[in-house]
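Please open the model in your viewer and keep the selection tool at hand. The tour below goes from stop to stop, saying at each one what to select and what is there.

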Amino acid sequence: MEAFDRRDIETLYRHIGEAETITVTVHTHPDGDAIGSGTAMVSYLASVGKDAVLVFPDAYPSTLEFLVTGDMEKRIIVAENSKEAAEKRIRSSDMIICLDFNSFSRAGDLEECLADAQGEKILIDHHIGPDRECFSLCFSETETSSTAELLYSILMELPGICHDAGKLPPETATALMTGMTTDTNNFANSVFPSTLAMASALLDAGVDRDLILDRIFNGYNESRIRLMGYLLDRCLRITDDGVAYMILGRKTIMKFGIQEGDTEGFVNIPLSVRNVRMSIFLKQDKDRFRVSIRSKKGTSANLCAKEFFNGGGHELASGGKLMIPDDVRNITEAAAYIERVTHIFLNR
Ligand code: 5GP
Ligand code: MN
């Protein structure tokens with residue numbers, strides 16, 4: 001990761017000092033990094049006396065509820081359930097900090113409100129291609145494991161923390177470790193020397209990593225593992241081009257009683273097969289299939305997501321969507337679409 005421009009850190013510190021009301025927000029369907037970096041930022045801001053609130057565009061998975069308890073609980077607004085309160089909060093904030101997304105379009109129904117808001121807008125993110133013109137200050141860095149790691153490096157620079165992880169509020173330290181752990185898939189991907197240095201400093205500062213691992217990896221519903229077996233047995237296809245894909249339709253979601261977050265990590269499993277270069281997972285959701293793409297080095301999940309799945313993300317881990325009925329009408333068409341476009345993508 002590049003060293004920060006001193007002036008950017010000074011500007012951020014000045015903005016925090018001047019702002020009374022600060023709202024932090026993250027992307028739709030928040031994952032561990034979005035929730036981890038979001039709650040870390042809010043707990044830090046609260047510790048320095050700010051009126052800080054975290055607005056989620058929609059629901060967060062139950063395995064990450066442990067980050068949103070205690071004092072944090074009263075600082076959370078879920079826009080899907082309380083749209084008016086969320087928008088009012090964003091509009092009346094002196095400062096808006098956007099974490100773990102690169103464009104307002106990734107904030108779902110909050111897009112317009114964020115674009116129109118008058119407060120100072122700050123981006124802290126690790127995705128490719130940020131919309132820089134929408135923010136007065138951008139911390140955008142792709143050579144880092146996670147937004148949590150990027151935020152950790154920023155917090156370390158601030159007066160009051162001064163490169164001592166022991167000075168972070170304990171909730172902030174736990175949330176940062178959680179975000180980094182989930183985005184690296186427990187140190188399997190995107191691990192840089194700075195990632196391990198951060199993990200080491202946070203452990204030294206007293207973070208209980210065993211507890212975090214237990215919450216995020218051993219806290220799922222039984223239905224998740226039953227669905228996993230069903231999908232791998234019945235639905236996984238591997239094409240001659242080395243593309244593995246699974247499509248989870250509405251009926252199966254209902255049959256297994258699947259909740260938000262229950263399919264986390266499914267897309268990674270087929271990458272364990274030797275000749276698989278890319279894995280695609282589709283999950284049906286109201287008017288669309290949500291798309292997750294993972295690839296092995298040498299194949300760009302990001303380019304494939306951008307060109308064929310209305311999305312993007314990181315080089316080896318991206319996402320997107322296929323709209324129903326404009327892009328595809330049903331599972332059969334979605335399967336045919338995946339086979340056709342990945343054949344084009346991998347043979348040119
Ligand atoms: P996941 O597959 O875990 O949902 O997402 C993988 C990565 O792709 C994440 O970094 C996420 O932010 C990004 N991503 C997921 N969905 C979309 C999307 O619809 N558009 C864009 N641009 N990125 C996405
Ligand atoms: Mn992330």
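Leaving aside its neighbours within four places in sequence, which residues is D285 in contact with? Before the selection is made, some conventions: this is a predicted model, in which local features need pLDDT of at least 70 and side-chain atom pairs count only at pLDDT 80 or more, while totals for chains, interfaces and linings use all residues. Residues are numbered from 1 along each chain as its sequence is written, chains are lettered from A and ligands numbered from 1 in the order in which they are written, and side-chain values use heavy atoms, with hydrogens and water left out.

**Stop one: D285 and its surroundings**

Select D285, which is found in strand β9, residues 278–285; helices (H or I, at least four residues) and strands (E, at least two) are DSSP runs, numbered from the N terminus. Beyond the neighbours within four places in sequence, D285 is in contact with H29 and R290, where contact means heavy atoms within 4.5 Å. The side chains of D285 and R290 are also joined by a polar contact of 3.4 Å; a polar contact is a pair of N or O atoms within 3.5 Å, and within protein one must be able to donate a hydrogen and the other to accept it, with residues adjacent in sequence counting only if both atoms are side-chain atoms. D285 counts as buried because its relative accessible area is 18%, given that buried means under 20% relative accessible area, exposed over 50% and partly exposed in between, with a 1.4 Å probe and protein chains only.

Now add H29, which sits in the loop between β1 (21–25) and α2. H29 has a positive phi of about 45° although it is not a glycine, and at 26% relative accessibility this residue is partly exposed. Then move to K286, in the loop between β9 and β10. K286 likewise has a positive phi of about 45° without being a glycine, and K286 counts as exposed because its relative accessibility is 63%.

**Stop two: ligand 1**

Select ligand 1 and display the residues around it, which are R106, H127, S292, R294, G311, G312, H314, A317, S318, G319 and G320; a residue is near a molecule or strand if one of its heavy atoms lies within 4 Å of it. Which distances can be labelled here between oxygen atoms of the ligand and the protein? A polar side-chain atom of S292 lies 2.6 Å from an oxygen atom of ligand 1, and an N or O atom in the side chain of H314 is 3.1 Å from an oxygen atom of the ligand. At G319 the atom to pick is a polar backbone atom, 3.0 Å from an oxygen atom of ligand 1.

**Stop three: two loops**

Go to T299, in the loop between β10 (288–295) and α11 (301–308). Is T299 buried or exposed? T299 is buried, with a relative accessible area of 6%. Not counting residues up to four places away in sequence, T299 touches R277, M278, E315, L316, F345 and L346.

Next, select P325, in the loop between β12 (317–323) and α12 (331–346). The peptide bond leading from I324 to P325 is cis, with omega near 5°.

**Stop four: the start of the chain**

Select F4, in the segment before α1 (6–18), where this residue is partly exposed with a relative accessible area of 23%. Although F4 and S153 are 149 residues apart in sequence, they are 8.9 Å apart in space, C-alpha to C-alpha. S153 is one of the residues that F4 touches once those up to four places away are set aside, together with I9, F139, L150, I154 and E157.

**Stop five: around helix α2**

Finish with S47, which lies in helix α2 and is partly exposed at 45% relative accessibility. Measure from its C-alpha atom to that of S190, 143 residues apart along the chain, and the separation is 30 Å. A last selection is G49, in the loop between α2 and β2 (51–56), which is exposed with a relative accessible area of 62%. The C-alpha atoms of G49 and I35, 14 residues apart along the chain, are separated by 21 Å.
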